[in-house]
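Ready for a few exercises at the screen? Open the structure shown here, try each task yourself, and then compare your route with the worked solution.

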Amino acid sequence: MKKKIFSGVQPSGNLHLGNYLGAIKNFVNLQNGNDCIYCVVDLHAITSKQDPKLLNLNSIETVATFLASGLDSKKNIIFNQSSVSAHAEFAWILNCVSRVGWINRMTQFKEKAGTNKENASVGLYVYPVLMAADILLYDASHVPVGNDQKQHLELTRDIAQKFNNDFSCEGFIKVPEPIIQKEFSRIMSLKDGQKKMSKSDLSEQSRINLNDDKDTIINKIKKAKTDSSAFPANKEDLDKRPEAKNLINIYCSISEKTIENAISEFQGKNFSFLKDRLSDLIVEKICPIGNEIRKLLKDKEYLLNVLKEGNQRANAIAQIKLRKIYDKIGFLNLI
Ligand code: AMP
Ligand code: TRP
């Protein structure tokens with residue numbers, strides 16, 4: 001059966017291998033045979049401080065990354081969140097449905113706000129509610145994301161059910177299912193196998209950016225942290241070696257090999273052998289995406305037109321659903 005897919009990526013710069021393997025690669029696989037909507041979530045990006053000029057550029061670059069990774073702008077709706085006002089409007093309503101106790105449990109807020117919670121933006125705190133609005137506005141049945149978004153999706157499901165209970169409209173807001181890959185949904189930093197590969201890591205060496213050139217990729221993999229023991233002989237040993245495991249995960253995710261196959265390929269060899277194979281593979285698969293991003297960015301008009309068309313298509317769906325939501329709530333319809 002056809003799935004209704006919705007997912008979003010923040011235009012906060014530095015899209016990296018974790019974003020690609022954890023999310024965007026999945027978007028591309030899902031575009032065949034499903035109705036897919038992919039959103040540049042600029043409203044989410046401003047939950048932490050953004051330079052306006054950079055936000056503008058990063059939004060365009062995110063669209064370029066979607067297309068360069070293989071998304072088809074005709075098959076899918078590709079749009080930016082702030083152009084469809086229903087997202088912010090529905091988020092307000094869901095703020096009134098959600099409970100403070102639920103939001104207080106969100107671990108990502110705790111991580112991002114750090115030690116100075118009093119100084120975090122209110123937007124960062126209610127960010128998962130906006131995410132729920134994004135998804136529920138389109139009656140999405142499935143949401144492909146990396147592992148870090150799992151808790152936000154559970155919250156989205158709770159919010160959907162509570163809306164239906166509060167307004168006695170079972171089934172009106174669809175309860176979505178997450179799509180989170182088993183093995184490769186959490187790509188770790190190249191400098192610390194316990195830390196997620198992240199846009200906001202101050203060390204450039206911690207991540208492979210999708211627009212890194214060949215020499216940069218080779219250099220980053222060469223310098224990636226490993227331990228001094230010989231290559232693990234089985235999956236259980238590998239699980240105890242976070243940095244080795246991460247390199248193998250990246251290798252398997254790109255080559256679509258199983259972990260067992262990779263272990264037998266590298267067993268008994270030293271890490272430099274794995275690193276050479278891995279950089280060859282990343283250069284072969286990721287460099288063409290970077291090249292295509294650079295090519296697409298030369299024609300900003302084209303990228304803006306992709307968004308304009310997507311915005312119209314998304315807006316048409318969102319407005320109809322929002323009106324129905326307003327009716328359920330009891331708002332007067334006088335426009
Ligand atoms: P963001 O850049 O935070 O908007 O994330 C976009 C998508 O990439 C989301 O689905 C994230 O879950 C996913 N993602 C981000 N970082 C990683 C990572 N290190 N490993 C796997 N998936 C990730
Ligand atoms: N919160 C997600 C992230 O930081 C991005 C996002 C916003 C999203 N809205 C969404 C993902 C809706 C899936 C569906 O990565």
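The exercises below concern a predicted model, and each task is followed by a stepwise solution.

**Exercise 1. The surroundings of ligand 1**

Task: Find which residues come nearest to ligand 1, and work out how much of the ligand the protein buries.

Solution:
- Start with the neighbours: 17 residues lie around ligand 1, and Gln-10, Gly-146, Asp-148, Ile-187 and Lys-199 come nearest.
- Now look at the polar atoms. The side chain of Lys-199 places a polar atom 2.6 Å from an oxygen atom of ligand 1.
- The backbone takes part as well: a backbone N or O atom of Gln-10 is 2.9 Å from an oxygen atom of the ligand, and a polar backbone atom of Gly-146 is 2.9 Å from an oxygen atom of ligand 1.
- Next comes the area. Ligand 1 exposes 480 Å² when taken alone, and the protein buries 93% of that.
- Finish with the make-up of the shell: 5 residues are nonpolar, 8 polar and 4 charged. Helix H1 (residues 17-30) gives the most to this shell, with 4 residues.

**Exercise 2. The surroundings of ligand 2**

Task: Repeat the analysis for ligand 2, and state which helix gives the most to its shell.

Solution:
- Ligand 2 is surrounded by 13 residues, the closest being Gln-10, Tyr-127, Met-131, Asp-134 and Gln-149.
- Check the nitrogen atoms of the ligand. A polar side-chain atom of Asp-134 is 2.7 Å from a nitrogen atom of ligand 2, and an N or O atom in the side chain of Gln-149 is 3.1 Å from a nitrogen atom of ligand 2.
- Then check oxygen: the side chain of Gln-10 has an N or O atom 3.0 Å from an oxygen atom of ligand 2.
- For the area, ligand 2 exposes 370 Å² taken alone, of which the protein buries 91%.
- Strand E1 (4-9) and helix H7 (122-136) each supply at least two residues of the shell, and H7 gives the most, with 4 residues.
- By class, this shell holds 7 nonpolar, 5 polar and 1 charged residues.

**Exercise 3. A strand and its partner**

Task: Decide whether the residues on the two faces of strand E3 are buried or exposed, and describe how E3 pairs with E2.

Solution:
- Take E3 (residues 77-80) one face at a time. Ile-77 and Phe-79 on one side are buried, and so are Ile-78 and Asn-80 on the other.
- Turn to the pairing: E2 (residues 35-40) and E3 run in the parallel sense, with 4 bridges.
- To locate the register, find Ile-37, which stands opposite Ile-77 in E3.

**Exercise 4. Cysteines without a partner**

Task: Explain why Cys-36 forms no bond with Cys-39.

Solution:
- A disulfide needs two cysteine sulfur atoms within 2.5 Å.
- The closest cysteine sulfur to that of Cys-36 belongs to Cys-39 and is 14 Å away, so the two are too far apart for a bond.
- Cys-96 is in no disulfide either, as the nearest cysteine sulfur, in Cys-169, is 16 Å away.
- The count for the model is 0 disulfides.
- Compare the settings: Cys-36 is buried at 3% relative accessible area, whereas Cys-96 is partly exposed at 46%.

**Exercise 5. A long-range pair**

Task: Work out how many residues separate Gln-319 from Ala-86 in sequence, and how far apart they are in space.

Solution:
- Place Gln-319 in helix H14 (residues 300-329), where its relative accessible area of 35% makes it partly exposed.
- Gln-319 and Ala-86 are 233 residues apart in sequence, yet their C-alpha atoms are 6.5 Å apart in space.

Key. Residues are numbered from 1 along each chain as its sequence is written. Chains are lettered from A and ligands numbered from 1 in the order in which they are written. This is a predicted model: local features need pLDDT of at least 70, side-chain atom pairs count only at pLDDT 80 or more; totals for chains, interfaces and linings use all residues. Side-chain values use heavy atoms; hydrogens and water are left out. A residue is near a molecule or strand if one of its heavy atoms lies within 4 Å of it. A polar contact is a pair of N or O atoms within 3.5 Å; within protein, one must be able to donate a hydrogen and the other to accept it, and residues adjacent in sequence count only if both atoms are side-chain atoms. Accessible areas come from the Shrake-Rupley method with a 1.4 Å probe; for residues, only the protein chains shown count as cover. Ala, Val, Leu, Ile, Met, Phe, Trp, Tyr, Cys and Pro count as nonpolar, Asp, Glu, Lys and Arg as charged, and the others, Gly among them, as polar. Buried means under 20% relative accessible area, exposed over 50%, partly exposed in between (1.4 Å probe, protein chains only). Two strands pair if DSSP finds at least two bridges between them.
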